[in-house]
Amino acid sequence: MTTPTPDTTYRTLGRSGAVVFAQALGTMTFGNEADEATSHALIDTYLAAGGNFLDTADVYSQGASEEIIGRWLAAHPTEARQVVLATKGRFPMGAGPNDHGTSRRHLRTALEDSLRRLGVEHVDLYQLHAWDALTPLDETLRFLDDAVRAGKIGYYGFSNFTGWQLTKAVQVADRHGWALPVTLQPQYSLLARGIEHEIVPAALDTGLGLLPWSPLGGGWLSGKYLRDVPPTGATRLGENPERGMEAWAKRNASERTWRILDAVTDVARSHGASASQVALAWLGAQPAVTAVILGARSLDQLRDNLGAVQLRLSAAELERLSAASAPEVDDYPYGEAGVNQRHRSIRGGR
């Protein structure tokens, strides 16, 4: 697997040989916050910037996101050949008892429905949207291996798995000689670094590439929110205050939030860049990260976020941001003592 660095614009997709842009275009907004015309314009803008990696899921706008992408692919056959296409299945797409989960029964239907909506015969990356505690793991992984062998998917990956879940899945697949997963899609940002305790080391150990979602922490890392000022207007929290105010109050009350934002804005000012670009550049430079998933609602947002690919942060700037955002967990084996121990082990010490 290619080791990400701040200078890597294209990277291999985890342990695979497929090459993707360092930023994926997430399409959860398609058919919801972005209408079809805007969604197609977002794809055009992304590809014009060198992007080639589209990420969607069957539950995004209850299939509408996949349908919108499918119509774009049909209208742009030449450009579509360069697209690395990813989707997901697992969550409910109906009211029946077999309309969710990772059973062979549900995944077969979910994959066929996604292929139909996308208007394609295969997808490059098929991802389990979350762990399923009810379905035997062997059943799920055997289905994915069959789908690879049948040419319906090129590779498969996971989303929202814990460290032990992804490690177990890799071990089971390897023991049976089945196709191995190549990626994991977790929540990860300067504000959400909990995955560094177990999930990042597990991904590095198993060769999985990370595809972080919510890289701007729900918009907080864009610098749009102010201390003690409730959000209003054209922000996700401002547009839905009933749902978002509790989350805003919790984040606002944390000194860590403002310590991070102060560091981000200072670094951004020194580069003449936006806060979003700095936060995305930091994330793209982290170990195991293959592609950061951008979730834009508008062309202006997307253009700004794409600028992070060209932003080069110094080692000192990366360290400053890491220090300001250090996870607030001190219990051993986490915290400073545990981190130091893991670093010594990686270097061959004890």
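In strand β4, L54 is the bridge partner of L25. The two strands involved, β3 (residues 23-26) and β4 (residues 53-55), run parallel and are joined by two bridges, where two strands count as paired if DSSP finds at least two bridges between them. Strands here are DSSP runs of E with at least two residues, helices are runs of H or I with at least four residues, and both are numbered from the N terminus. The model is a predicted one, in which local features need pLDDT of at least 70 and side-chain atom pairs count only at pLDDT 80 or more, while totals for chains, interfaces and linings use all residues. Residues are numbered from 1 along each chain as its sequence is written, and side-chain values use heavy atoms, with hydrogens and water left out.

The β3-β4 pair belongs to an open sheet of eight strands with parallel pairing, in the order β9-β8-β7-β6-β5-β4-β3-β10. Because β9 (209-210) and β10 (292-294) stand at the edges with a single partner strand each, one side of each lacks a neighbour in the sheet. Across β5 (84-89), β6 (123-128) and β7 (153-159) lies helix α4 (residues 104-118), which runs at about 140° to β6; axes are lines fitted to C-alpha atoms, for helices over the stretch in contact, and angles between N-to-C directions run from 0 to 180 degrees.

Helix α4 also packs against helix α2 (residues 64-75), at an angle of about 45° and with the axes 7 Å apart. The two helices are therefore oblique to each other, the class left over once angles under 35 degrees are taken as roughly parallel, over 145 as roughly antiparallel and 65 to 115 as roughly perpendicular. On the α2 side, E66, E67, I69, G70 and L73 meet S114, R117 and L118 of α4, with contact meaning heavy atoms within 4.5 Å. Shortly before α2 in the chain, the loop between β4 and α2 holds Q62, a residue other than glycine whose phi is positive, near 50°. Q62 has a relative accessible area of 52% and is therefore exposed; exposed means over 50%, buried under 20% and partly exposed in between, with a 1.4 Å probe and protein chains only.

Aromatic side chains offer another view of the fold, with nine aromatic pairs in the structure. Rings of Phe, Tyr and Trp (its six-membered ring) pair if their centres lie within 6.5 Å, and planes under 30 degrees apart count as stacked, over 60 as edge-to-face and the rest as tilted. The rings of F21 and Y46 are edge-to-face, because their planes stand at 80°, with the centres 6.0 Å apart. As F21 lies in strand β2 (residues 19-21) and Y46 in helix α1 (residues 36-48), this pair ties together parts that are 25 residues apart in sequence. Both F21 and Y46 are buried. W131 and W164 likewise form an edge-to-face pair, with ring centres 5.2 Å apart and planes at 65°. Here the loop between β6 and α5 (137-149), which holds W131, is tied to helix α6 (residues 163-176), which holds W164, over 33 residues in sequence. W164 counts as exposed at 52% relative accessibility. W131 and W164 join Y156, F158 and F161 in one aromatic cluster.

Overall, the protein has 14 helices and 10 strands, and 51% of its 350 residues are buried.
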